[in-house]
Amino acid sequence: MIDAHKLRLATEAEWELAARDNGQSSYPWGDDEWNSWRANINRSGIGDPTPVGIYSSGATRKGLHDMAGNVLGWTLSSYKKYPYQAQVNELRSNEPRTVRGGSWANEARAMRCASRLGLQPDSENGFLGFRVVISRNENIF
């Protein structure tokens, strides 16, 4: 039943768990360094986002594509020292939000699963995107 679910952004912790494929990998594809077959970054020379899934060798073992490169992914989490205990009132705050994953304009070091930035919620540019999580639980905090 779709009405028993909620669509939302992933929390920062959920994003990292998915990007690391439940492990401790440096990158979504494992611990090997970036190469031109793994992710769309500035050295790719494309200069724009690409369709999801083109860089199949950069996917996680569970098949999540573009967790590194292409576009920075918004998360639901405020940008604070990580990890931290999230609070319900964060959803209504105007605090900077955490973005993860690096984009087509970033260097290879931004592709690491631990790489993170904070941006104001009203930020917009061609480097940003998002993933939708389908959650059964309305209370995530």
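**Pockets, rings and strands**

Mentor: Let's start with the pocket. In this predicted model, helix 1 (12-19) and strand 2 (72-78) each supply at least two residues of the lining of the largest pocket.

Trainee: Which element gives the most to that lining?

Mentor: Helix 1 does, with 3 residues. The whole lining runs to 21 residues, and H65, D66, M67, F130 and R131 lie nearest the centre of the pocket. The volume is about 290 Å³.

Trainee: What makes up that lining by class?

Mentor: There are 10 nonpolar, 7 polar and 4 charged residues.

Trainee: How many cavities of 30 Å³ or more does a search find?

Mentor: Just 1 across the whole structure, with a volume of about 30 Å³.

Trainee: What makes a space a cavity and not a pocket?

Mentor: The way out. A 1.4 Å probe fits in a cavity but cannot get out, whereas a pocket is an open set of points. The largest cavity here is lined by P28, W29, R38, A39, Y55, G58, D66, M67 and A68. Those divide into 6 nonpolar, 1 polar and 2 charged residues. Notice that D66 and M67 are in this list, and both are also named among the residues nearest the centre of the largest pocket.

Trainee: Let's look at D66, then. Why is D66 called buried?

Mentor: Its relative accessible area is 13%, and the cut-off for buried is under 20%, so D66 qualifies. D66 is found in the loop between helix 1 and strand 2.

Trainee: What is the phi of D66?

Mentor: Near 60°, which is a positive value in a residue other than glycine. N70 also has a positive phi without being a glycine, at about 70°. N70 belongs to the loop between helix 1 and strand 2 as well.

Trainee: How do you know whether N70 is buried or exposed?

Mentor: Use the cut-off again: buried needs under 20%, and N70 comes in at 4%, so N70 counts as buried. D21 lies in that loop between helix 1 and strand 2 too, and with 7% D21 is buried. D21 and G63 are 42 residues apart in sequence, yet 9.3 Å apart in space, C-alpha to C-alpha.

Trainee: Now the rings. How many aromatic pairs turn up?

Mentor: A search of the whole structure finds 2.

Trainee: Why is the pair of Y27 and W29 called stacked?

Mentor: Check two values. Ring centres have to lie within 6.5 Å, and planes under 30 degrees apart count as stacked. Y27 and W29 have their centres 5.0 Å apart and their planes at 5°, so the pair is stacked. Y27 is buried at 5% relative accessibility, and W29 is buried at 15%.

Trainee: What makes the W104 and F127 pair tilted?

Mentor: The planes are at 55°, with 5.1 Å centre to centre. Stacked needs under 30 degrees and edge-to-face needs over 60, so a pair in between is tilted. This pair links distant parts of the chain, with W104 in the loop between strand 3 and strand 4 and F127 in the loop between strand 4 and strand 5 (128-129), 23 residues apart.

Trainee: Why is F127 called partly exposed?

Mentor: F127 has a relative accessible area of 31%, and partly exposed sits between the 20% and 50% cut-offs. W104, at 16%, is buried.

Trainee: How do you know that R100 sits over the ring of Y82?

Mentor: The charged end of R100 is 5.6 Å from the ring centre, and the distance cut-off is within 6 Å.

Trainee: Last topic, the sheet. What is the strand order?

Mentor: It's an open sheet of 4 strands in the order 4-3-2-5, with mixed pairing. Strand 4 and strand 5 are the edge strands, each pairing on one side only.

Trainee: What makes the pairing mixed?

Mentor: Strand 2 and strand 3 pair in the antiparallel sense over 3 bridges, while strand 2 and strand 5 pair in the parallel sense over 2 bridges. Two bridges is the minimum, so the strand 2 and strand 5 match makes the cut. Strand 3 and strand 4 (residues 116-119) are antiparallel over 4 bridges. You can spot G73 opposite R100 in strand 3, V99 opposite L117 in strand 4, and L72 opposite L128 in strand 5.

Trainee: Which residues show that both faces of strand 3 are covered?

Mentor: R97 and V99 on one side, T98 and R100 on the other, and they are all buried.

Definitions and conventions. Residues numbered from 1 in each chain as written. Predicted model: local features only at pLDDT ≥ 70, side-chain atom pairs only at ≥ 80, totals over all residues. Heavy atoms only, no water. 1 Å grid on protein atoms, 1.4 Å probe; cavity = no way out; pocket = protein on both sides within 12 Å on 5 of 7 lines; lining within 4 Å. Points joined across faces, edges and corners; volume = space filled by probe spheres on them. Nonpolar A, V, L, I, M, F, W, Y, C, P; charged D, E, K, R; others polar. Buried < 20%, exposed > 50% of the residue type's maximum accessible area, 1.4 Å probe, protein only. Phe/Tyr/Trp six-rings, centres within 6.5 Å; stacked < 30°, edge-to-face > 60°. Lys NZ or Arg CZ within 6 Å of the ring centre and 35° of its normal.
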